[in-house]
Each structure stands twice: as structure tokens, then as C-alpha cells.
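Q: Please take me through one part of this model at close range. I am new to it, so keep the sentences short.
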There are 2 protein chains.
Amino acid sequence: MTIAKQVSNTRVLVAQIPEGGVAPNKSHFRTVTVTEAVPELKDGAIYIQNLVFSLDPYIKFDFAEGATESPVVGFAIAKVLDSKNDSFPIGSTVSGPAKWELFTLIDNPEKLAEVFNLDKALDPELPLSIYNGVLGLSGLTVWDSLNQVGDLKKGETIYISSAAGTLGQLAGQLAKRKGLRVIGSAGTDEKVAFLKNELGFDAAFNYKTQDKRAALTEAMGSAGIDIYYDITLDDNIDIALDLLNQYGRIVSVGALALHQGQAPAAPANVFNILFKQLRYQGYLVYYRYDQFESFWKEVAPLVKSGEIKSAETVLQGGIDSIADSYIRLLNGEYKGKVSVDIRTA
Amino acid sequence: MTIAKQVSNTRVLVAQIPEGGVAPNKSHFRTVTVTEAVPELKDGAIYIQNLVFSLDPYIKFDFAEGATESPVVGFAIAKVLDSKNDSFPIGSTVSGPAKWELFTLIDNPEKLAEVFNLDKALDPELPLSIYNGVLGLSGLTVWDSLNQVGDLKKGETIYISSAAGTLGQLAGQLAKRKGLRVIGSAGTDEKVAFLKNELGFDAAFNYKTQDKRAALTEAMGSAGIDIYYDITLDDNIDIALDLLNQYGRIVSVGALALHQGQAPAAPANVFNILFKQLRYQGYLVYYRYDQFESFWKEVAPLVKSGEIKSAETVLQGGIDSIADSYIRLLNGEYKGKVSVDIRTA
């Protein structure tokens, strides 16, 4: 592959920091196009072209902590244009933290440790965006946390908070395949219907219109719950501590409540952990990228065949559309995992 | 062994329930002596003579929830006088829940499940009372919880709250033998000195006169803590959640705070469980009696040789002395594990 000496690079910068936790709007972003020299790489470094950006709510927090004129940073799938790193040969497709720009140099070892090679997983019949969601870090998080922390056993009951998101959807479907009874909560009746009718959840309820504790108690019946899959880090923890069976587990994988500016849970009933011999454990996917191959081997065929479903929205648009799309995401305009595919723009 | 047809049985009954959580005094107990028929046993039942009673703070709670004229119930070591249970042959020495009386029929399957046979452990050179403490359920609790839940690794640091009690003493010494750095807290300077000078703790502090968080922070230094061994179920949990290292563990084995009428912990920082991938797990010794043999094999020689120390107080006195001794226990008059050996009275 021949590499040009310089490129025209378009990037999105922080124009202003939103005040007091307000969500960013157009005035907070600035898009610039500059002509840049293609860098000489030092050992370990890679130079990539970003292809499909992942839009995630958490970005707004990094944004609010950034500095004006600094790049906005998210996650993306990219092509390696130049490389001095054997893990990421020229031409390979990778996923990792990404500045909102067309071309990126990654030479910081910490950032390189967060990049993973998608070549072993890529299926030409699947959209690249799927590796931002159910076959990406989100998928690995769910699959690996259920295996490592959940300790699922056939016949048990699992309860999943905010189950209609990327994590919850997959957790419910994987648990169902292992013979568990699956209960989920979601924030709209449409999502509740989706969980029950499309994803095969045994029970689901609307946590905005129903009393969570009462709804879960009814849904679980005399079987109780054995696992609480926690994506929210809110007062569902208190409810779960009360309702979990002996030897129950809380698998903590997300903190949606904190992302939404809510106070975290402060459970006053942790004595249940002792008296019921519960296990409450946190899981983060970092440093678990070596599990990707096993994960893809098991889950990718199920996604391809449609046995495992995942709602996603893939937007087509240039890098200059990404800030607008992100603002729409924060306004709740899209369904499921959201990506922007800039290849066709 | 020939068994008499009837026995003279002395027992201690609840005379009055203390009002509003007040500790019981003499007026709340009543000792009676009755002549009783020796029972005909049904299958599974045993008839025992109690020898050494364990005095434990928790008894007052059962007491307060009992009924007048009902027996006071604690834990004891006893001799099997008659048996229709292969696990407890006539003549064997057992330990289990015990009414404060001389002779007891145990035919309730739930109560029988809490009885264990001491014959494989008994060492004539050790006092029988030691099987109420460091070589009894308390010892098994510590040894098994550290193995099953603690996941101790050489070079790690463990913090133990209320470390001068039976559980804490053994936990610290076992952890030390596994190559961990051991920090303990205790409620008097004398106990703090005991932990450091007699038990070999690396650091210890007085939680009544020092700020717990500051003292622990200083004691742990830059190594942080990897395991919090929780005997208290109080706000040490909050402190531990903040100070634990990545992949740290909280081993929850006791609820001293609840026994003392304090409100349980309500940690507002459980987000640390997610962000540091902690594991917070409860342990109860029930249903783990099958581990006794392995435990005794490893720990009994260490107790006998003095490599593992345990403070205990053994009172000599008849069954009619037990209520007075218990009141003194609640007043804090004794040191370490307290037993009443009624054989010599």
C-alpha cells in the first residue's frame, strides 16, 4: 500500500464546554479541515483511517471534562494505513478509542492496549457496525461477565435492569439459551413488548410506570431470582439484595444511573450479602480482549443466523454529520446501538 | 452404656423478657430442677449430656425473641448418651445448638443438621472448650471463608475489623502464615498491643480512639488493601470500598454491629465494586461441616504447638452458674472466647 505524504484531515473539536451538566448542542462542536503530514511511526505505533464511529451516551462526560479546541473522543472501527506493530498489520481492520476525525495516529501505549484486531471476526455478510455493538466490546462484556461472574445454572432466574439496551438484550438472550428464566425491565411499553415478543424474555415490565419491587416480585413468583444483571447501578440493587435467593449473584457491569446524573445506590440492606451468602461482583471488559476469539466463535454464528437479535441504527453521513447525530442520540431519537458509517459519505 | 430410666435435669428458663432491647439481668432467668423420664428415641434422634457451654453475645437476641418459661438456647459440647443416628454413636462427643440444661433430646432434623461429631478431632491434651472456639465453628468459619471466598495471595494485604475476637485473631494468623500483610482494628489499646505483639499483626489501631479511615490509610501505605475481612457489618465497608485495590475482595462473615444494635452499613460508594472489579461475598458456615476434617487436620496441630494462638476464658461452674456468667460476659468482664465447663461442678 502506498501512503501519501500528506492528507486532508477533517476533525470535530470541542468549541465550548456545556455549562453545569447540560447536554452539548451544536454550538459546543466545531468541525475543521486541515492538511497534515502523514506521520513517521515509532515502534508500536499505528496510523489509521476511521470508518464507522460508535455513538455512546458516555461521550458527553468526557466532552464536559475536555478542553476547548481538543478533539472529541469516542470509539470506532478503522483501517490500518501504516503500522509498526505486529498485532495490527497494514490493511487490518481494528476497533478502539477514536478521535472524531478521518485519520488518527495512535502511538500512546495505553491507547494501543485498548485497540483490538477485528480481522479474525470480520464476516463480509455482516455490517461493520455490528462490531461496535453485539459483536464488539459490548458483546464481549456480556458474554464474558456472564461466564466469569454470573455462573449461570440451568433452571435459575436472572433479572436484568434496562434490558432493552445493547448489554441487556444480549444478556437476556444468552441466559435464555442456557436454560434460565429471564426477567427484564425497560423504560417504555414498546421496549417491554420488544423484550417479550422479539427476544423471548419470560417476563418484562416498565420501570417508569410500574413499581419496580412489586413488578419484579410478581414476575419472579415463588422461584425468586438467582442473578441480578446490573447495568444501572441504581436502587434496583436494594431490591435485588432483598429478593435474591441463597447464593445469589449480582453481576455489576454498568452505571447508567451515574451517566444520567442520578445518585448511585446506597443499599441499606447489604446484610443480605452475609445472611444469604450472596456474591456482588464488578466486571470490566478491559484486559479481557484475549477472550474475543472464543466469544466470536460462539456468538457470531448466532448473530448471523438471527438466533440472537440486536437492534441497531446505522447512520450514513460524513464526519461533519457526527456532531448532529450525536445530539439526536442524546435526544433519544434512535433505537438500539447507534453507529455512523462515514465510508459512503 | 446403661441408661437410667429417669434423670434429674436442671435447666435455665426465660423468666421475663427484657424490655426494649435492654440486656438481660438475673431477674430475667430462672433455674429449675425436674425429674424427667429418659425418652424413647425415634430414628435419627440423639439424647445428650451437655458438658461445656459456649457463651456468645448473640444469645441475648434469641432470648429477647423467646417466650417466658422457654429454655435459653446456646451452643455446647456434649456426650451422646443414647442414639438412633449412625453419625453420632453412643459415647461420641458432639457439638451443636444446646438448651441450657443437663440433658437434651435432639430429634428435630433441622437441629440434628447443626450437630457435628468431634471424635475425629478430639485431642486429650487440649481443653474441650477449644472446640467451642478456634477448633470449633468459629475456626471452621475463618479457615473455610478465607479459602473459599478470600482467595488469599502471598504479598497481598488484608484488613480485619474487630480483629481481637475469636474470628479476627485466627483470620490474621492464617493470613500471616500465607504470606500476607495483616492489619487489624480493635476497641482497646490493650487489644491493639495484643494483635501486634502476641499475634504478629503488621499493623493495628484502636477504632474507638482513632479515625478509622485515616488510621487504615496510614497502616496500608502505598500497598493499599486487597482483602477486607468483615466481622462487623458497619461503616468499615464504605472505607474498604474506597481503599481496596483493583480485584479486591470483601469477605463478609459477621454482623457484630447488628448484634450491638447499630444500624447496618449503607455504603453510598458501591460504584467501586464496578469500577475496581471488586467481589463482595457473604459466608456462613452452615452446610460446610463436611470441611471439618480438613480444617482440623491443618489447624489443630498449629493450635496445639502454639503456632496459632487463641485467647479464651474457661469458667468452672454448675449449670446454675451459667446465667450469672452470661450477664458478666455482656458486661465485658472476660477476655476472648468464653466457655462454661460444668463437668467439675
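Which residues form one aromatic cluster with Trp143(A)?

A: Phe116(A), Tyr289(A), Phe292(A), Phe295(A) and Trp296(A) join Trp143(A) in one aromatic cluster. This is a predicted model: local features need pLDDT of at least 70, side-chain atom pairs count only at pLDDT 80 or more, and totals for chains, interfaces and linings use all residues. Residues are numbered from 1 along each chain as its sequence is written, chains are lettered from A and ligands numbered from 1 in the order written, and side-chain values use heavy atoms, without hydrogens or water.

Rings of Phe, Tyr and Trp (its six-membered ring) pair if their centres lie within 6.5 Å; planes under 30 degrees apart are stacked, over 60 edge-to-face, and the rest tilted. By this rule there are 26 aromatic pairs over all chains.

Chain B supplies two examples. Phe29(B) and Trp100(B) are stacked, at 6.0 Å centre to centre and 15 degrees between the planes. Phe29(B) lies in strand S2 and Trp100(B) in the loop between strands S5 and S6 of chain B, so the pair ties together parts 71 residues apart in sequence. Helices (H or I, at least four residues) and strands (E, at least two) are DSSP runs, numbered from the N terminus. Phe29(B) counts as buried at 10% relative accessibility. Trp100(B) is buried too, with a relative accessible area of 0%. Buried means under 20% relative accessible area, exposed over 50%, and partly exposed in between (1.4 Å probe, protein chains only).

The other example is Trp143(B) with Phe295(B). Their ring centres are 5.8 Å apart and their planes stand at 55 degrees, so this pair is tilted. Trp143(B) sits in helix H3 (residues 137-150) and Phe295(B) in helix H10 (residues 292-305) of chain B, 152 residues apart. Trp143(B) and Phe295(B) are both buried.

How do the two chains relate? Chain B can be laid on chain A with an RMSD of 0.1 Å, by a turn of 180 degrees and a shift of 0.0 Å along the axis. That is the relation of a two-fold axis. The superposition is by least squares on the C-alpha atoms of residues with pLDDT of at least 70 in both copies. In chain B, 100% of the interface residues are also interface residues in chain A, so the copies meet through the same surface. Contact here means heavy atoms within 4.5 Å.
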